[in-house]
Amino acid sequence: MGTPPTQFKLNTGAQIPAVGLGTWRAEPGQVRRAVSFALKNGYSHIDAALIYGNEHEVGQGIKDSGVPREDIFITSKLWNTYHPNVEEGLQKTLDALGTHYLDLYLVHWPVRLVPNQTSALLPVNPDGTRSVDRSWDQSDTWRQMEQVYKAGKVKAIGVANWSVPYLEELKKKWTVVPAVNQVELHPFLPQHALKDWCDKHGILLEAYSPLGSEGAPLMSDPVIQAIAKKNDVSPATVLISYHVNRGVVVLPKSTKEDRILSNSQVVHLSREDMDVLNDLATQGKAKRINTPLFGWDLGFADWYKQ
């Protein structure tokens with residue numbers, strides 16, 4: 001029986017821990033304790049973002065842990081309203097986290113939002129739709145990402161929530177290949193075609209909402225429960241292990257200490273188990289959890305076929 005890897009190699013040559021602590025929707029007051037606890041108990045990878053609104057507390061948790069900065073892999077993300085000024089968005093994150101550099105910086109969505117009097121981060125038009133700049137060229141954002149990478153402010157750059165059509169378009173202009181594409185992934189949304197494309201181009205996939213988040217009955221699915229029973233582990237451990245066995249970084253999120261500990265446990269899954277999990281979406285169980293209302297096609301229209 002093989003042993004699942006604890007790290008993967010990025011196309012920069014750097015190592016990234018296979019399991020990271022997600023901080024999305026972590027409540028104020030809880031995320032600081034969760035980050036500190038995780039780092040004191042074996043985690044070395046923290047996934048953050050400006051839009052989560054809690055990076056200051058994440059930074060406090062990192063400081064509270066007493067773990068040296070160089071021993072922690074920190075990821076954050078450029079929010080949509082900062083596409084014209086990547087350096088400014090990055091600096092806000094660095095200041096909040098209390099660090100001089102990031103190990104990985106991602107373009108959160110291939111969408112530029114135009115800030116206005118309604119909001120600096122989630123602006124809307126008079127009719128209530130999102131204030132999207134449809135003319136924005138994403139290669140302009142990526143060029144700035146390459147600049148902060150070459151300046152050493154971030155050790156690696158990548159994207160999040162990018163589908164194959166957007167990646168194909170970016171490929172025409174990139175000089176630095178994205179190291180990572182962080183997307184929603186789980187057995188109900190395996191995104192096989194996207195994984196194949198990213199594998200071919202040396203881009204590592206990362207899975208958010210690996211347990212299905214809200215609204216997806218992954219944990220209670222009878223097939224997943226049967227695999228858990230067969231392997232003498234919890235359904236959550238099966239869902240987290242699924243990604244690592246697939247060569248994907250996984251980012252479970254919790255602020256509860258027992259869950260933080262159990263979410264770090266990864267087991268080897270047999271080829272048979274992996275084949276069953278990989279095929280679940282084709283059996284009428286396909287489900288996307290996170291569908292932001294940007295009001296345009298992000299290229300995932302055929303996600304249910306993948």
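This is a short selection tour of a predicted model, going from one strand to several salt bridges and ending at a helix terminus.

Residues are numbered from 1 along each chain as its sequence is written, and side-chain values use heavy atoms, with hydrogens and water left out. Because the model is predicted, local features need pLDDT of at least 70 and side-chain atom pairs count only at pLDDT 80 or more, while totals for chains, interfaces and linings use all residues.

**Stop 1: strand 9**

Select residues 204-208, which make up strand 9. Helices (H or I, at least four residues) and strands (E, at least two) are DSSP runs, numbered from the N terminus. In strand 9, 5 of the 5 residues are buried, so the rest of the structure largely encloses it. Buried here means under 20% relative accessible area, exposed means over 50%, and partly exposed is in between (1.4 Å probe, protein chains only). In a regular strand the side chains alternate between the two faces of the sheet. On one side of strand 9 are L204, E206 and Y208, on the other L205 and A207, and all are buried.

Add residues 180-184, strand 8, which runs parallel to strand 9 and is joined to it by 5 bridges. Two strands pair if DSSP finds at least two bridges between them. E184 has Y208 of strand 9 as its bridge partner. To get from strand 8 to strand 9, the chain passes through helix 6 (residues 192-200), and this β-α-β crossover is right-handed. That term applies if, with the strands pointing away from the viewer, the path from the first strand over the helix to the second runs clockwise.

Next add residues 249-250, strand 10, which pairs with strand 9 in the parallel sense over 2 bridges. Here V249 is the bridge partner of E206.

**Stop 2: salt bridges**

The whole structure holds 13 salt bridges, each defined as a side-chain nitrogen of Lys or Arg within 4 Å of a carboxyl oxygen of Asp or Glu.

Select K153 and E87, whose closest N and O atoms are 2.7 Å apart in a salt bridge. K153 is in the loop between helix 4 (138-150) and strand 7 (157-160), and E87 is in helix 3 (residues 86-97), so the pair ties together parts 66 residues apart in sequence. K153 is partly exposed at 25% relative accessibility, and E87 is partly exposed at 45%.

Move to R112 and D133, which form a salt bridge of 2.8 Å, N to O. Both R112 and D133 lie in the loop between strand 6 (104-107) and helix 4, 21 residues apart. R112 is buried at 16% relative accessible area, and D133 is buried at 14%.

Then select D221 and K285, a salt bridge with its closest N and O atoms 2.7 Å apart. D221 sits in the loop between strand 9 and helix 7 (222-231), and K285 in the segment after helix 10, so this pair connects parts 64 residues apart in sequence. Is D221 buried or exposed? D221 counts as buried, at 6% relative accessibility. K285, at 22%, counts as partly exposed. Add K230, E272 and D273, which are joined into one network by salt bridges that share partners.

**Stop 3: D279**

Finish with D279, found in helix 10 (residues 271-279). D279 is partly exposed, at 37% relative accessibility. Show Q283 as well: its side chain and that of D279 are joined by a polar contact of 3.5 Å. A polar contact is a pair of N or O atoms within 3.5 Å; within protein, one must be able to donate a hydrogen and the other to accept it, and residues adjacent in sequence count only if both atoms are side-chain atoms. For a distance check, D279 and E169 are 29 Å apart, C-alpha to C-alpha, and 110 residues apart in sequence.
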